[in-house]
Amino acid sequence: MNRDGTLIDYYSQRASEYERIYHQPERQADLVRLKDHLRGELSGRRILELACGTGYWTAALADAAESIYAIDASDEVLAIARAKGLDPNTVSFTRGDAFAPPRDSSEFTAGFAGFWWSHIPLDRLTSFLENFHAALLPGARVVFIDNRYVPGSSTPISRTDEAGNTYQQRHLDDGTAHEVLKNFPTTDQLRPILQPYTDSLNIVEFDYFWCATYALAAASHHQANP
Ligand SMILES: C[S@@+](CC[C@H](N)C(=O)[O-])C[C@H]1O[C@@H](n2cnc3c(N)ncnc32)[C@H](O)[C@@H]1O
């Protein structure tokens, strides 16, 4: 099994219990702040959303966006997202690979991915970003949200590999255990990765989450290699 397949299988198996992560009492106030912030960043946009999962953030953005084209690699999570009954005139859910987003359209004025950055191996970040950017219009707004590592609340890191990726041991209701790559970049680590693509990078830290927003500079919108 390749590393993409392992992660997709894990989330497929976890689909029905996934949104419990959004019910943790200590995170509720932060989630409200994050939602407000995100809606402010993305309202009125035609959004390409990668790794949308069960559509939790798609639903939070649906009435603020002009449209959302949301993709995920797992049929199981997509089934839950589609069952949310979001307005089909605005939102669509399609199976797709976040490392190879749709290239046949140049309609997107924004790109968004929630809790996906943390699962990208460090050695794939640059090619991931270049492929994502190539799917968006020049000047598009790009937004990533993800977890900060909070001792006592986050699942502990079980190991770090030679490239610097960190991993967690996670358990599902069916008793299975899964090792999942989960990175927790700091603002200082995110900045040099994103800076080459923009002159308007804004990274906001909440207690449990971070949000990075930038406008894609025209020069960084080029045809990435597959
Ligand atoms: C942490 S979840 C995030 C889901 C959703 N964005 C959220 O914030 O609630 C990660 C998602 O990435 C999806 N995924 C894993 N590998 C993928 C890939 N190569 N392409 C697209 N989605 C992928 C999983 O199926 C899962 O739904």
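Let's call two residues in contact when they have heavy atoms within 4.5 Å of each other. Keep that in mind as we walk through this structure, which is a predicted model.

A good place to start is Phe128. Skipping its neighbours within four places in sequence, Phe128 is in contact with Leu50, Ala98, Phe99, Trp116, Ile120 and Phe144. Phe128 also turns up in the largest nonpolar core, a set of 64 residues, where it is listed among those with the most contacts inside the core, alongside Trp57, Phe112, Trp116, Phe144, Ile145 and Tyr214. As for who gives the most to this core, that's strand E10, residues 209-215, with five residues.

Now zoom out from Phe128 to its helix, H5, which runs over residues 125-134 and is mostly covered, with seven of its ten residues buried. Those are Leu125, Phe128, Leu129, Asn131, Phe132, His133 and Ala134. And what do they pack against? The buried residues of H5 meet strands E1 (46-50), E4 (110-114) and E5 (141-147), helix H6 (187-194), and E10 again.

H6 makes a nice next stop. Its buried residues are Thr187, Leu190 and Leu194. These three sit on the same side of H6, because they cover an arc of only 65° around the axis. If that spacing looks familiar, recall that an α-helix has 3.6 residues a turn, so residues three or four places apart point the same way. Flip to the other side of H6 and you'll find Asp188 and Pro192 exposed. The buried residues of H6, meanwhile, pack against H5, strand E9 (202-205) and E10.

Definitions and conventions:
Residues numbered from 1 in each chain as written. Predicted model: local features only at pLDDT ≥ 70, side-chain atom pairs only at ≥ 80, totals over all residues. Heavy atoms only, no water. Core = buried A, V, L, I, M, F, W, Y, C linked by side-chain atoms within 4.5 Å. Buried < 20%, exposed > 50% of the residue type's maximum accessible area, 1.4 Å probe, protein only. Helix = DSSP H or I, 4+ residues; strand = E, 2+ residues; numbered from the N terminus. Arc of directions from axis to C-beta.
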